[in-house]
Amino acid sequence: QVQLEESGGGLVQAGGSLRLSCAASGRTFSSYLMGWFRQAPGKEREFVAHITWSGSSTVIADSVKGRFTISIDNAKNTVYLQMNSLKPEDTAVYYCAAKRTSYWPKYDYWGQGTQVTVSS
């Protein structure tokens, strides 16, 4: 049974930093693309970043580029989202997701989400 478990969310002041973690388990993820998404109240889910399991390729959304970075520790089966210079508009539930290849049309697995709240 595949599980994606996010952690690291919380309350932080504007300008602060958080690091989210996504621990993946239940199968071999060697070909998978790992993504982070977020959803703010009343808004649609938004892509934040993704990374290949090898770590060789990353994409960061323009809205967070220069402030957020994505990385992976294959030995720990864990994907990270480092969030710096946080803004109140970054407040959202952040979700980790996985899809079987970069070309697959949709994400196969999703975590339960972790709340990030940025106070002004």
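1. A disulfide is taken here as a pair of cysteine sulfur atoms within 2.5 Å, and in this predicted model the count by that rule comes to one disulfide. The bond joins Cys22 to Cys96, with an S to S distance of 2.0 Å. Since the torsion about the S-S bond of Cys22 and Cys96 is about -75 degrees, the disulfide is left-handed.

2. As to its place in the fold, Cys22 belongs to strand 3 (residues 18–25) and Cys96 to strand 9 (residues 92–99), so the pair ties together parts that are 74 residues apart in sequence. Both cysteines, Cys22 and Cys96, are buried, a term that stands for a relative accessible area under 20%.

3. Strand 3, which carries Cys22, is also part of an open sheet of four strands, arranged in the order 1-3-8-7 with antiparallel pairing. The edges of this sheet are formed by strand 1 (3–7) and strand 7 (68–73), each of which pairs on one side only. Averaged over the sheet and with direction ignored, neighbouring strands are turned by 15 degrees against each other. Strands of a sheet pair, in general, through backbone hydrogen bonds, in either a parallel or an antiparallel manner.

4. Within that sheet, the pairing of strand 3 with strand 8 (residues 78–83) can be described in detail, for the two run antiparallel and are joined by six bridges. One residue pair to look at when inspecting the model is Ala23 and Thr78, where Thr78 is the bridge partner of Ala23 in strand 8.

5. Two backbone conformations deserve a reviewer's attention, and the background is that most residues other than glycine have a negative phi. Asn77, which is not a glycine, has a positive phi, near 50 degrees, and is found in the loop between strand 7 and strand 8. With a relative accessible area of 24%, Asn77 is partly exposed, because the buried class ends at 20% and the exposed class begins over 50%.

6. The second case is Ser85, likewise a residue other than glycine, whose phi is positive at about 50 degrees. Ser85 sits in the loop between strand 8 and strand 9, and its relative accessibility of 40% places Ser85 among the partly exposed residues. Strand 8 is thus named in both settings, as Asn77 is in the loop between strand 7 and strand 8 and Ser85 is in the loop between strand 8 and strand 9.

How values were computed:
Residues are numbered from 1 along each chain as its sequence is written. This is a predicted model: local features need pLDDT of at least 70, side-chain atom pairs count only at pLDDT 80 or more; totals for chains, interfaces and linings use all residues. Side-chain values use heavy atoms; hydrogens and water are left out. Buried means under 20% relative accessible area, exposed over 50%, partly exposed in between (1.4 Å probe, protein chains only). Two strands pair if DSSP finds at least two bridges between them. Axes are lines fitted to C-alpha atoms, for helices over the stretch in contact, and angles run from 0 to 180 degrees between N-to-C directions.
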